[in-house]
Structures are given as C-alpha cells and as structure tokens.
Amino acid sequence: MTEEVKVRVGTPDDLDAIMDLAIKVAKENGVFEPNLYKVLGEIWPALHWHHGIVGVIGEPGFPLEGFALLRIGQQWYNTTDILEERVVYVAPKFRSAKGGRARKLYEFCKQTADGLGLPLLIGVFSNERTEGKVRLLRRLFGPEVGAFWWHGPETGSWHTSEAPPQD
C-alpha cells in the first residue's frame with residue numbers, strides 16, 4: 001500500500017530543493033533566462049510567511065516532488081489583498097505517478113486562500129500540455145473568468161536560443 005501524497009508548508013530548510021525545482025520550471029515554462037536573485041526574492045519571504053507561503057510535496061532534506069508558490073499582492077487598480085499563485089510545479093518524473101500531485105498542490109492553494117479569507121488568482125502560462133492543465137483547473141475551480149495570450153517567444157524557449165541573459 002502506498003502512502004497518500006501530502007502537501008506540507010515549506011520551511012527555510014527546503015530552500016535548496018525549491019530552488020532546484022524553480023530552475024527546472026524556468027527551463028520548461030520560462031520565456032526569458034531566470035534571474036536567480038529575483039527567484040530567491042520571491043521564495044525566501046514566502047518560506048518565512050512574509051506576504052506568502054510555499055506548499056511542497058516531499059520530505060525535508062530530500063529532493064522535492066513539487067511545489068506551489070503563493071504571494072499576497074494587489075491588483076493594479078486597488079489596495080485589496082489577493083493571493084496570487086506564482087507557480088505550481090510537479091517534477092516530470094512524478095507527473096504520471098499515482099497520487100495526483102498537481103491536484104494536491106492546487107487544493108493547497110485553494111485551502112490557503114480560504115484560510116486567509118483572500119481571493120485566489122490562479123492560471124496557466126505554458127505552451128505544453130495547456131489543455132490538460134486548464135481542464136484540471138476547471139474541475140477544481142469552475143469555469144475560467146477570462147483568458148490571455150502571449151505574443152513573442154514560446155514558453156521554455158529561452159535556454160535553447162541565443163537570447164542575451166536578463167539581469
């Protein structure tokens with residue numbers, strides 16, 4: 001019998017494992033080279049519950065199977081706090097494994113928003129397996145409230161091109 005997949009709140013001890021996954025997600029979905037200082041600037045405060053939280057799947061001290069980064073922010077036109085999903089990512093080798101890791105991470109996002117009493121802004125920004133991700137979000141959150149388009153390089157293309165590094 002296998003153990004149920006559980007999402008736990010990440011701690012500063014998970015930083016290295018989260019950064020490893022963050023680099024993988026940037027290679028897979030990023031359109032520009034990641035600035036690791038900026039990535040760290042998003043993750044580190046959330047690991048200390050400063051305007052955010054990180055949900056992780058995996059045991060402390062071991063490589064993580066996935067993570068969700070949530071930050072508290074505001075929309076451009078008001079001062080009402082919302083919970084913004086910055087990334088939900090499952091390492092490739094765990095995507096087809098039993099346990100529904102992506103679903104568990106999205107449920108963590110939803111439960112966190114409910115617990116904080118904040119609306120949750122969540123979406124998909126990817127050229128890979130987009131429809132499957134959208135179907136999962138529809139099952140968990142209901143119909144989408146809009147859509148957006150990207151005019152420019154495809155997601156995941158920065159590390160295969162000759163684009164200059166982004167500082």
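How many salt bridges does the count come to by the rule for side-chain nitrogens and carboxyl oxygens? The count comes to 9 salt bridges, a salt bridge being a side-chain nitrogen of Lys or Arg within 4 Å of a carboxyl oxygen of Asp or Glu.

The model is predicted: local features need pLDDT of at least 70, side-chain atom pairs count only at pLDDT 80 or more, and totals for chains, interfaces and linings use all residues. Residues are numbered from 1 along each chain as its sequence is written, and side-chain values use heavy atoms, with hydrogens and water left out.

**Exercise 1.** Describe the surroundings of strand β2 and its pairing.

Solution.
- Strand β2 spans residues 52–57; strands (E, at least two residues) and helices (H or I, at least four) are DSSP runs, numbered from the N terminus.
- Of its 6 residues, 6 are buried, where buried means under 20% relative accessible area, exposed over 50% and partly exposed in between (1.4 Å probe, protein chains only).
- In a regular strand, side chains alternate between the two faces of the sheet.
- On one side of β2 lie Gly 52, Val 54 and Val 56, and on the other Ile 53, Gly 55 and Ile 57, all buried.
- Strand β1 (residues 8–9) runs antiparallel to β2 and is joined to it by 2 bridges; pairing requires that DSSP finds at least two bridges between the strands.
- Strand β3 (residues 66–74) also pairs with β2 in the antiparallel sense, over 6 bridges.
- Val 56 stands opposite Arg 8 and opposite Phe 67 in β3.

**Exercise 2.** Follow Arg 8 to its salt-bridge partner, then examine two further salt bridges.

Solution.
- Arg 8 bridges to Asp 14, with the closest N and O atoms 2.8 Å apart.
- Arg 8 is partly exposed because its relative accessible area is 21%, whereas Asp 14 counts as buried at 2%.
- Arg 95 and Glu 28 form a salt bridge whose closest N and O atoms are 2.8 Å apart.
- This pair links distant parts of the chain, 67 residues apart: Arg 95 lies in the loop between β4 (81–90) and α3 (101–116), Glu 28 in helix α1 (residues 15–29).
- Glu 65 and Arg 101 meet in a salt bridge at 2.5 Å, N to O.
- Glu 65 belongs to the loop between β2 and β3 and Arg 101 to helix α3, 36 residues apart.
- Both ends count as buried, Glu 65 at 19% relative accessibility and Arg 101 at 10%.

**Exercise 3.** Identify the residues linked in a salt-bridge network.

Solution.
- The network links Glu 42, Arg 71, Glu 84 and Arg 86.
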